[in-house]
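Reader: I am new to reading protein structures and would like to go through one slowly. Could we look at it together, one question at a time?

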Amino acid sequence: MSAMDMERKGMRKTVYMMLLALVLISMPAAFNFQSTKALVGIPATVDVYSDVLNLVSKGTWLSVYIELPEGYDVNNISVSTVMLNDTILANASMVIGDYDNDTIPDAMVLFDRSEVITFIAGQNITFGNVTLTVSGELKDGTAFVGSDEVGVSSLMGDVNCDGKVDILDIIEASLSYGLEEGEAGWNANANFALPYNRVDLIDVVTIA
């Protein structure tokens, strides 16, 4: 092999290595475009009310309950920082209580139900389980984060989001019969027909 051939081979190898380096450098940008930033903070216990969400049912709010570990007070949650999946801001109101009767105070925050449904639908999810993560800060800047798995369905009448419409869905709806949004026992997953602020006979007939 002549000196010129060896020089050309060396140049080709150099160009090849440069191109390989450029590809390797560009790979993270190409494959991480769907990634989201990792949420960190003290571990909170998060409970999405009813643990199911029918994507075609109607309602104004999605209620989420937050408990903090020992040594932290839910009264110190800065509600203006609370977000769902780092995308949807909580409503400005927050109610302190003991939703699960475990003697540990919890904070109820509200998220716009239609925004949550739009967010889930945007992930091309129509049936199955979805992890919803709630994050925020206390008034002293301490961050917290917690998640809950929620069953979702886009089937009209599927109140319990198990993928089928049957007598169990009618029973679920009957437990909320006559209730309006905001009343204890209200179930937005049973609310499919006008008026959208009350579960009534038209909802039950729609499910049936």
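Reader: Does Val79 count as buried or exposed?

Author: Before we begin, please keep in mind that this is a predicted model. Val79 belongs to strand β5, which covers residues 77-84, and its C-alpha atom is separated by 8.4 Å from that of Leu138, a residue 59 positions away along the chain. The relative accessibility of Val79 is 16%, and since buried means under 20%, Val79 counts as buried.

Reader: And how does Ile167 count, as buried or exposed?

Author: Ile167 lies in helix α3, made of residues 167-175, and it takes part in a nonpolar patch on the surface together with Leu168, Ile171 and Leu175. The cut-off for the exposed class is over 50% relative accessible area. Because Ile167 has 55% relative accessibility, Ile167 counts as exposed.

Reader: How much accessible area do the residues of that nonpolar patch have together?

Author: The patch is formed by Ile167, Leu168, Ile171 and Leu175. Taken together, these residues have an accessible area of about 400 Å².

Reader: Which element gives the most to the lining of the largest pocket?

Author: The largest pocket holds about 350 Å³ of space, and 20 residues line it, with Tyr49, Ser63, Gly182, Glu183 and Trp186 nearest its centre. The elements that give two or more residues to this lining are β3 (52-54), β4 (61-67) and β8 (106-112). With four residues, the element that gives the most is β4.

Reader: How many residues of each class does the lining of the largest pocket have?

Author: The lining consists of 20 residues, which can be sorted by class. The lining has eleven nonpolar, six polar and three charged residues.

Note on methods: Residues are numbered from 1 along each chain as its sequence is written. This is a predicted model: local features need pLDDT of at least 70, side-chain atom pairs count only at pLDDT 80 or more; totals for chains, interfaces and linings use all residues. Side-chain values use heavy atoms; hydrogens and water are left out. On a 1 Å grid over the protein atoms alone, a cavity is a set of points where a 1.4 Å probe fits but cannot get out, and a pocket is an open set with protein on both sides within 12 Å along at least five of seven lines; lining residues have an atom within 4 Å of a point. Grid points are joined across faces, edges and corners, and a volume is the space filled by probe spheres set on the points. Ala, Val, Leu, Ile, Met, Phe, Trp, Tyr, Cys and Pro count as nonpolar, Asp, Glu, Lys and Arg as charged, and the others, Gly among them, as polar. Patches are made of residues with over 30% relative accessible area and no salt bridge: like charges are joined within 9 Å, nonpolar side chains (Val, Leu, Ile, Met, Phe, Trp, Tyr) within 5 Å. Accessible areas come from the Shrake-Rupley method with a 1.4 Å probe; for residues, only the protein chains shown count as cover. A salt bridge is a side-chain nitrogen of Lys or Arg within 4 Å of a carboxyl oxygen of Asp or Glu. Buried means under 20% relative accessible area, exposed over 50%, partly exposed in between (1.4 Å probe, protein chains only).
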